[in-house]
Amino acid sequence: MIEDVEKIFDTRELNVNMGPQHPATHGVLRLVLDIDGETIVKVTPHVGYLHRGIEKLGESLSYFQALPLTDRLDYVSAMSNNIGYCVAVEKLFGIEVPERAKYIRTIVGEMSRISNHLLWLATHALDIGAMTVFIYCFREREWILDLFEMICGARLTVTYPRVGGVRNDVPQEFLDSIWKFTDEFPSRILEYETLIDQNRIWLQRTVGIGVISAEEAVNWGMTGPTLRGSGVSYDIRKHMPYDAYDKVDFEVPIGTTGDTYDRYRCRMLEMRQSNNILRQLIEKLPAGPIMADAPKFLLQPKDMMMPITHPTKELAYVIEEKACKGCGMCLRACPAKAIFGEKKQPHVIKQDLCLQCGNCFVTCKFKALKLIPGGKGMTEEQLKELAAGPMPEEITKAAEYMVKHFEFVKKGPKVPEGELYVATEVPKGELGFYFVSDGSGKPFRMRLRSPSFVHAGVLPRLCKGHLVADVIANIGTIDIVLGECDR
Amino acid sequence: MNTLTNIISPSALDALIQFGITVLIIILKIVVVLVVGLLHVAYATWFERKVIGHMQVRLGPMRVGWHGLLQPFADGIKLFFKEDIIPTQADKTVFYIGPIIFMAAAMVNLAFIPFASNFAVAQQVNLGLLMILAFAGMGVYGIFISGWASNSKYSFLGGLRSSAQVISYEIAMGLSLVGVMIMSGSLNLTDIVKAQEASVFGMYVIPQLAGFLVFTIAALAETNRTPFDMPEAESELVAGYFTEYSSFRFALFFLGEYIAMIIMASMASVCFLGGWTLPWYITSLLPFLKLVPGIVWFLMKVYAFIFFYYWIRATVPRYRYDQVMKIGWKVLIPVSLANIVVTALVKILVTRGV
């Protein structure tokens, strides 16, 4: 009967374009749905609306400069991406990070995991219709973001972990506050669970939705809690520990059936585990340096670069008349336009305009520029006199450091040649960095393995045969962020 | 005066004046109900935002006026002055009519609600209950044709879902009220309240508990509130049938929805909670409560019911479409049918004195 009707009227599926602007696709994911009534016949995910070419950009930036790009991958848990990148680059450099830095990184990594899972729970619950969970989760997430602000000044794009350690040491108030957080957080998790965990509607909406078996999940390349919900115990923190994960005691929660509810349970348990990890780390946090000691590979602090010991502690750049050929290179290099002079005539630096950036110093091919112990109050004659006289040893040394520093920043460190893949466990799954190094200071090729991209590919498999409302539940359960997916 | 008496007889003039006064009173009643009703709608939105805000550890509107009291007017002015966008592909005439039908169908119901013992715009309507059910069902035409006319797939799906849902729950709601009709023996809403006042229970929610529960759930679904807000499930269908509407046309949907909500709350109050009366056992215990005007009790019951709506919205997730249908057809309708059978049996047994 129905076949007859279909023959007469030439019925076909309704084609709905869900996204890239849609309240529930978590960014700019576009899903083309073929629906038969309310039933999904086919889902085709289209990605790439947020492509910024981060991998390609990485090839033209030195290893330190590419770090802020990783914040923009998964902007929900920027801290974890930074750590993943740093761990990979450190392995490439072959440097060892001090204990304290490892602990601090693990602390902020777990905080970022909690904040990511909170955002996931908030949006997932909101998608399924539970409004209040959303606001409750943001209350705790706000606390964590405030703590991030305390240690590095940024809330979202932190760039706090650095290659070789971390940017700043953590203040005591930070540790106190995070300790208080770990005290209160388990009761807050219970608060979320009272709203949804045993809620009849929540169970009806999540149990048996988007079921994927362990074998299939592995074949699809799923990782993280999305895989663990299917009962596969795979956690890089546990099985290939990095940073301080081998020094803490934690469990990897796994599900059984691999449906949306199991993945939800996994993440809820993971938040509790992260809370435990945080407490252990704060208790064990050792004293010591926070940056690795590897001058060959890492940028050194400024005061180590310029050991100035002369009494006035003031320096000035002057141009030696005899050596200057008047080529104009320094003139063009000066950002403050403090250098004057005709072509083929000796140039002069106006000291009151000079920023002392040293650009002219390193650009000059004829070594006409000199660093002298002088200040802004001096007349030109006095400066000339000083320039003509013998140089103190410290100044010569400082000048040498200056050139070295400049070259280091511009060209990057000399990195061993080779290829390397390092994966870390970010909240969404396995984030891998693959570097091909040709021995220069910039990667020859940088490639990311982002969990969101892989998980977005599983969507058609998860949604097939379900209803329109389940597509939303499935987008929520794989926990994707399009910044990371599209890179 | 003399010329007038020459034309018509004094008795006819008296009758004419009487008629004029009656019409004037009705018009006055309509104006009062409309203005007060719309004010209540405006403050129902404010009340919702405040209630849900405080349930979600935030404050709700705070900026416009004291504790945001002027927020509804600010919203109204904003919506009124916004650009009215009509999609080029839309079916224009139908697009215009949709929200008007929806709003009108909801507003007409205000006429049948007895707000106090002697105050309803259409007091003598003997089929008040049926009229409300009929007009509540009319609203679905507004939803459906605006979903169709928008020429957007989200709107279309929203309209389809809505019509299916409202039709299914209409049945459950109508059946849940049959128990009340049997007990009171009338369809006139004023008579229903009076019958409740005279009954042993004081309010029908006690003997008709099953009916009340079915009615509450069906009312939620009928007014498209969480957890049955399928037609406008924002995470799935953006905004459902009114996705393409903006400016005051959107405001009409918004108003209509809140009026429908107040109507449903009034229905619950009138049919199950005793309307403007208090049960005799409360007034005999605390006689001074009789001095309070009936409208106060009526509004308290209405707002308690509305508060319950908001409370649900802040608490539970959303059902899936097929689950909504399953509840409607497999749970609510059988329960209300059983309720009718039991009520009718008891009524027969009581009246025959067996």
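**Entry 1. B:Val57**

I looked up B:Val57 in this predicted model and asked whether B:Val57 is buried or exposed. I found 11 other C-beta atoms within 10 Å, so B:Val57 is exposed. The cut-off I applied for exposed is 12 or fewer. I then located B:Val57 in the loop between helix 2 (10-55) and helix 3 (71-81) of chain B. I noted that its phi is near 45°, a positive value in a residue other than glycine.

**Entry 2. B:Ser247**

I also checked B:Ser247, where phi is near 55°, again positive in a residue other than glycine. B:Ser247 is found in helix 10 of chain B. I counted 16 other C-beta atoms within 10 Å, which means that B:Ser247 is partly exposed.

**Entry 3. B:Phe254**

I stayed with helix 10 of chain B, residues 247-271, and picked B:Phe254. I got 20 other C-beta atoms within 10 Å of B:Phe254 and therefore logged it as buried. The count meets the cut-off of 20 or more for buried. I took one C-alpha distance as well: B:Phe254 and B:Phe242 are separated by 9.6 Å and lie 12 residues apart along the chain.

**Entry 4. Helix 4 and helix 5 of chain B**

I wanted to know how helix 4 (residues 92-108) and helix 5 (residues 128-149) of chain B cross. Their axes come within 8 Å, and the crossing angle is roughly 165°. Helix 4 and helix 5 of chain B are therefore roughly antiparallel to each other, as angles over 145 degrees count as such. I recorded the crossing of these two helices of chain B as left-handed.

I listed the residues in contact. Helix 4 of chain B contributes, among them, B:Val94, B:Phe95, B:Ile97, B:Gly98 and B:Pro99. The helix 5 residues include B:Phe135, B:Met138, B:Gly139, B:Tyr141 and B:Trp148 of chain B. By class, I found 16 nonpolar, four polar and no charged residues in the contact of helix 4 with helix 5 of chain B.

**Entry 5. Contact of chain B with chain A**

I turned to where the chains touch. How many residues does the contact take from chain B and from chain A? I found 22 residues from chain B and 28 residues from chain A. On the side of chain B that touches chain A, the elements giving two or more residues are helix 9 (234-237), helix 12 (294-315) and helix 13 (321-352) of chain B. I sorted the residues of that side of chain B into 10 nonpolar, five polar and seven charged.

**Entry 6. Chain A overall**

I counted 20 helices and 12 strands in chain A. The C-alpha trace of chain A spans about 105 × 60 × 40 Å along its principal axes. Of the 487 residues in chain A, buried residues make up 45%. I also looked at contacts in chain A between residues at least 6 apart in sequence, and 69% of these join residues at least 24 apart.

**Entry 7. Sheet 1-2-3 of chain A**

I traced an open sheet of three strands in chain A, in the order 1-2-3, with antiparallel pairing. Its edge strands are strand 1 (14-18) and strand 3 (39-46) of chain A, each pairing on one side only. The twist averages 20° from one strand to the next. Between strand 1 and strand 2 (residues 30-36) of chain A, I found five bridges, with the strands running antiparallel. I noted A:Val16 opposite A:Leu33 in strand 2 of chain A.

**Entry 8. Sheet 10-11-12 of chain A**

I then traced an open sheet of three strands in the order 10-11-12 of chain A, also paired antiparallel. Strand 10 (418-426) and strand 12 (443-449) of chain A are its edge strands. Neighbouring strands of this sheet are turned by 15° against each other on average, direction ignored.

I went through the pairs. Nine bridges join strand 10 and strand 11 (residues 429-437) of chain A in the antiparallel sense, and A:Thr424 stands opposite A:Leu431 in strand 11 of chain A. I also found helix 4 (residues 78-93) of chain A packed on the sheet, where it touches strand 10 and strand 11 of chain A. The direction of helix 4 of chain A makes about 150° with that of strand 10 of chain A.

Strand 11 and strand 12 of chain A pair antiparallel over six bridges. I recorded A:Pro443 in strand 12 of chain A as the bridge partner of A:Ser437. These two strands of chain A form a hairpin with five residues between them. In the turn I noted A:Gly439, with a positive phi of about 90°.

Key
Residues numbered from 1 in each chain as written. Chains lettered and ligands numbered in written order. Predicted model: local features only at pLDDT ≥ 70, side-chain atom pairs only at ≥ 80, totals over all residues. Pairing = 2+ DSSP bridges. Helix = DSSP H or I, 4+ residues; strand = E, 2+ residues; numbered from the N terminus. Axes fitted to C-alpha atoms, helices over the stretch in contact; angles between N-to-C directions. Contact = placed C-beta atoms within 7 Å. Parallel < 35°, antiparallel > 145°, perpendicular 65-115°, else oblique. Left-handed = near helix turned anticlockwise from the far one by under 90°. Nonpolar A, V, L, I, M, F, W, Y, C, P; charged D, E, K, R; others polar.
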